[in-house]
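Q: I'm new to this one and would like to learn how to read charged side chains. Can we go through it step by step?

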Amino acid sequence: MSCGSFNVSECQGHAGGRVPLALHACCGPCSLEPVKLLREQGFEPTIIWTNPNIQPVSEHELRLSTLRAWAADVAHVDVVVAGDDRGAWERAVSPRGFDRRARCRACYALRLAEACRVARERGFAHVSTTLAVSPYQLFDDCGELLAKTAAAQGLEAVWQDFRPFYPEATRESRELGMYRQNYCGCRFSAAEAAMERHEARDERKRRKAEERARKGGGDTGA
């Protein structure tokens with residue numbers, strides 16, 4: 001189900017006229033726009049936190065505390081901390097190593113399965129995820145896996161492309177002083193992000209050197 005097909009008039013009778021929705025959240029900054037947009041579309045999100053991919057544990061706790069503070073003080077949205085089975089993540093995901101697509105698919109599947117399990121146990125009928133915000137995520141794979149895991153629990157997947165709102169989420173989270181991580185979560189993504197930053201730095205240096213060479217080549221001398 002896409003948010004575009006959601007009919008608010010079909011769902012009157014819930015508190016505030018909104019439909020309860022379980023929203024798996026990967027971090028605080030990526031939750032800003034989905035919560036806002038889903039409310040505008042007639043849903044009332046409850047955030048489900050399950051992210052055993054985030055390493056080290058201190059990073060996991062920092063992201064969770066950032067999310068909780070924003071949820072309580074700004075968004076006024078409930079946060080449910082679900083299971084974070086790090087052993088299951090190591091068994092299911094880490095063997096994929098630097099095969100990014102295989103690794104991320106396995107990671108999405110594990111986290112969304114737990115989110116959907118908790119959503120069903122708590123009586124939700126609809127589920128979504130903030131993983132649809134970041135342009136760095138595998139959007140189509142995530143949508144496919146959300147639909148599959150939601151259906152397995154008898155839930156309706158609410159899938160929408162939030163990526164156009166990523167710049168707004170970035171701006172607003174910075175204005176709020178929220179902690180913003182520079183890698184997705186796991187040790188493999190941290191290494192990949194560091195390599196990408198290094199390559200970008202080298203590319204900037206190369207371009208500057210070429211520019212200096214062009215300017216120097218233009219000097220004719222006396």
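A: Sure. Let's start with the salt bridge: that is a side-chain nitrogen of Lys or Arg within 4 Å of a carboxyl oxygen of Asp or Glu. Keep in mind that this is a predicted model.

Q: How many salt bridges does that rule give?
A: The count comes to 19. Take Glu44 and Arg39: their side chains meet in a salt bridge at 2.9 Å, N to O.

Q: Is Glu44 buried, partly exposed or exposed?
A: Buried means under 20% relative accessible area, and exposed means over 50%. Glu44 has 25% relative accessibility, so Glu44 counts as partly exposed.

Q: Which side chain does Arg206 meet in a salt bridge?
A: Arg206 pairs with Glu210, at 2.4 Å from N to O. The two are four residues apart in helix H7, so about one helical turn separates them. Arg206 is partly exposed at 38%, and Glu210 is partly exposed too, at 36%.

Q: Which residues do shared partners join into one network?
A: Salt bridges with partners in common link Arg101, Arg105, Asp141 and Glu144.

Q: What about Glu203?
A: The side chain of Glu203 forms a salt bridge with that of Arg207 (2.9 Å, N to O). These two also sit four residues apart in helix H7, about one helical turn. Glu203 is partly exposed at 27%, whereas Arg207 is exposed at 54%.

Q: Which residues form the positive surface patch?
A: Patch members have over 30% relative accessible area and no salt bridge. Here they are Arg201, Arg204, Lys205, Lys208 and Arg212. Arg212 lies in helix H7, residues 187-217, and is exposed with a relative accessible area of 57%.

Definitions and conventions. Residues are numbered from 1 along each chain as its sequence is written. This is a predicted model: local features need pLDDT of at least 70, side-chain atom pairs count only at pLDDT 80 or more; totals for chains, interfaces and linings use all residues. Side-chain values use heavy atoms; hydrogens and water are left out. Patches are made of residues with over 30% relative accessible area and no salt bridge: like charges are joined within 9 Å, nonpolar side chains (Val, Leu, Ile, Met, Phe, Trp, Tyr) within 5 Å. Accessible areas come from the Shrake-Rupley method with a 1.4 Å probe; for residues, only the protein chains shown count as cover. Lys and Arg count as positive and Asp and Glu as negative; His and the chain ends are not counted. The place of a charge is taken as NZ of Lys, CZ of Arg, CG of Asp or CD of Glu. Buried means under 20% relative accessible area, exposed over 50%, partly exposed in between (1.4 Å probe, protein chains only).
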